[in-house]
Amino acid sequence: MKFKTFELERNMSVWEHAVNYNLSESGVHPLALKEVLTPEELEEVSELVLYYTEANGTAELRELVAAMYPGATPDHVLITNGSAEANFLCTMALLEPGDELIYMVPNYLQIGTLAESIGVTVKPIRLRPEQNWQMDLDELNGLVNPKTKMIAVCTPNNPTGAIMSPEVMAEVRRIADEHDLYLLSDEVYRGAELSGVESPTVYSGRKKDIVNSGLSKAYRLPGLRLGWSVTDPDTIWELWTLHDYTTISLGIISDTVASKVLQPDRRKDLLGGTTEFLRNNLAILTEWIKSQNGLFSFIPPEAAAIAFPEYHLDIPSVELIEKVRDEKSVLIMPGDWFGVEKHVRIGYGTPRDFLRKGLSLMEETLASLR
Ligand SMILES: Cc1ncc(COP(=O)(O)O)c(C=O)c1O
């Protein structure tokens with residue numbers, strides 16, 4: 001089986017450590033272990049014996065994750081290596097050649113590209129800028145047919161930072177229920193809302209609802225590689241069957257740290273810090289976009305450390321970001337790798353001076369293209 005290149009991740013892997021100004025990250029600037037653990041907890045971690053941990057995640061951690069979703073129990077949870085593994089398991093275990101997947105676009109494209117690679121027909125349901133990056137419900141209804149097996153969404157969305165509206169969520173759930181479809185929601189940006197109010201989860205406890213998420217973005221801990229799937233225990237068993245072949249289990253250090261960080265009060269504090277960081281930095285980016293004299297049209301994100309402005313220049317997005325990268329050593333991501341042209345994704349979750357410097361360097365290349 002030949003897998004299509006996951007352009008976004010491959011390019012980030014190659015370039016993010018090679019450039020001077022990496023504005024390609026979608027999460028808020030990561031935290032150090034000593035910023036999230038007390039000295040006593042750090043000591044505890046240093047004394048951990050490095051056993052294999054429970055392959056599906058420790059009961060304590062699964063209990064904490066389950067508490068975030070209505071009606072879920074520890075048996076509804078599989079702990080994975082990042083939400084990337086959770087997405088991989090769901091795609092590979094639940095979809096087969098000939099199935100149809102209705103897939104939100106723009107998107108991170110991991111699920112869509114992987115599904116195409118294994119012979120699934122992927123039907124995009126487009127988020128419309130003129131509808132504040134919501135989807136058209138008539139269009140969604142028109143995409144369902146007897147071959148449809150799953151609807152996969154991402155809310156808050158990467159790259160737009162838009163949160164699925166209550167009306168859209170209700171209709172997506174209704175359609176999934178009526179046609180007995182899997183409804184897979186990638187919610188790795190949930191908890192990183194600029195309003196400070198956590199957005200609703202798509203998960204309602206229906207047998208075929210699945211949520212994938214993790215600690216990489218809103219919790220600022222990507223290096224833990226901690227993710228999860230929450231769904232019906234029978235489906236968890238199916239995902240776990242594949243997980244035995246992928247990574248067996250999570251690292252015990254990550255499981256232990258996550259079990260502390262996800263205690264309800266700690267979690268709240270952490271997410272509060274994320275919101276404050278996002279608000280301060282989005283102000284810098286918005287100011288900069290305004291100062292570009294109409295070069296960009298911009299719907300501000302509601303969540304996540306990413307903005308997805310449309311640019312008004314006559315150049316394809318991949319070419320544009322390569323020019324900025326090669327001339328100024330600043331890395332941003334092209335709309336093309338999210339399924340939408342003439343946009344760029346700018347990560348604003350870096351320290352502020354770093355963000356300012358990266359933007360001002362980019363400005364010089366943009367000015368030369370006007
Ligand atoms: C929507 C989305 N899902 C999943 C991932 C993978 O995240 P991780 O495996 O670090 O949890 C990313 C990373 O950028 C993402 O944007």
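Modeller: A helix here is a DSSP run of H or I with at least four residues, and helices are numbered from the N terminus. The model discussed below is predicted.

Biologist: Which helix provides the largest share of the shell around the ligand?

Modeller: The shell has 14 residues around the ligand. Four of them come from one helix, covering residues 82–94. That helix is H5.

Biologist: How do the residues of that shell divide into nonpolar, polar and charged?

Modeller: Tyr counts as nonpolar, and Gly counts as polar. With that scheme, the shell around the ligand holds five nonpolar, six polar and three charged residues.

Biologist: Which residues around the ligand come nearest?

Modeller: The ligand has 14 residues around it. Five of these come nearest, namely Ser83, Asn158, Asp186, Tyr189 and Ser216.

Biologist: How far is a polar side-chain atom of Ser83 from an oxygen atom of the ligand?

Modeller: A polar contact needs a pair of N or O atoms within 3.5 Å. For Tyr189, a polar side-chain atom lies 2.6 Å from a ligand oxygen atom. In Ser216, an N or O atom of the side chain is also 2.6 Å from an oxygen atom of the ligand. For Ser83, the distance from a polar side-chain atom to a ligand oxygen atom is 2.5 Å.

Biologist: What percentage of the area that the ligand exposes alone does the protein bury?

Modeller: The ligand sits in the largest pocket. Polar side-chain atoms reach its oxygen atoms there, including one from Ser83 at 2.5 Å. Taken alone, the ligand exposes 400 Å², and the share of this that the protein buries is 94%.

Biologist: Which residue follows Val105 across a cis peptide bond?

Modeller: Most peptide bonds are trans. The bond after Val105 is cis, with omega of about 5°. The residue that follows lies in the loop between strand S3 (100–105) and helix H6 (110–117). It is Pro106.

Biologist: What is omega for the peptide bond from Thr155 to Pro156?

Modeller: Pro156 belongs to the loop between strand S6 (148–154) and helix H8 (166–178). The bond that leads to Pro156 from Thr155 is cis, and its omega is near -10°.

Biologist: Is Asp180 buried or partly exposed?

Modeller: Asp180 has a positive phi of about 55° although it is not a glycine. Its place is the loop between H8 and strand S7 (182–186). Buried requires under 20% relative accessible area, and exposed requires over 50%. The value for Asp180 is 47%, so Asp180 is partly exposed.

Biologist: Is Ala304 buried or exposed?

Modeller: Most residues other than glycine have a negative phi. Ala304 has a positive phi of about 75°, and this residue is found in the loop between strand S10 (296–297) and strand S11 (306–307). Its relative accessibility is 1%, so Ala304 is buried.

Biologist: How far apart in space are the C-alpha atoms of Ile175 and Pro309?

Modeller: Ile175 is in helix H8. At 0% relative accessibility, Ile175 counts as buried. Along the sequence, 134 residues separate Ile175 from Pro309, and in space their C-alpha separation is 31 Å.

Biologist: What distance separates the C-alpha atoms of Leu282 and Gly347?

Modeller: Leu282 sits in helix H11 (residues 264–290). Its relative accessible area is 11%, so Leu282 counts as buried. Gly347 is 65 residues from Leu282 along the chain, and the distance between their C-alpha atoms is 9.7 Å.

Key:
Residues numbered from 1 in each chain as written. Predicted model: local features only at pLDDT ≥ 70, side-chain atom pairs only at ≥ 80, totals over all residues. Heavy atoms only, no water. Helix = DSSP H or I, 4+ residues; strand = E, 2+ residues; numbered from the N terminus. Buried < 20%, exposed > 50% of the residue type's maximum accessible area, 1.4 Å probe, protein only. Near = heavy atom within 4 Å. Polar contact = N/O pair within 3.5 Å; in protein donor to acceptor, adjacent residues only side chain to side chain. Areas by Shrake-Rupley, 256 points an atom, 1.4 Å probe, with all protein chains shown as cover. 1 Å grid on protein atoms, 1.4 Å probe; cavity = no way out; pocket = protein on both sides within 12 Å on 5 of 7 lines; lining within 4 Å. Sits in = over half its atoms within 2 Å of the grid points.
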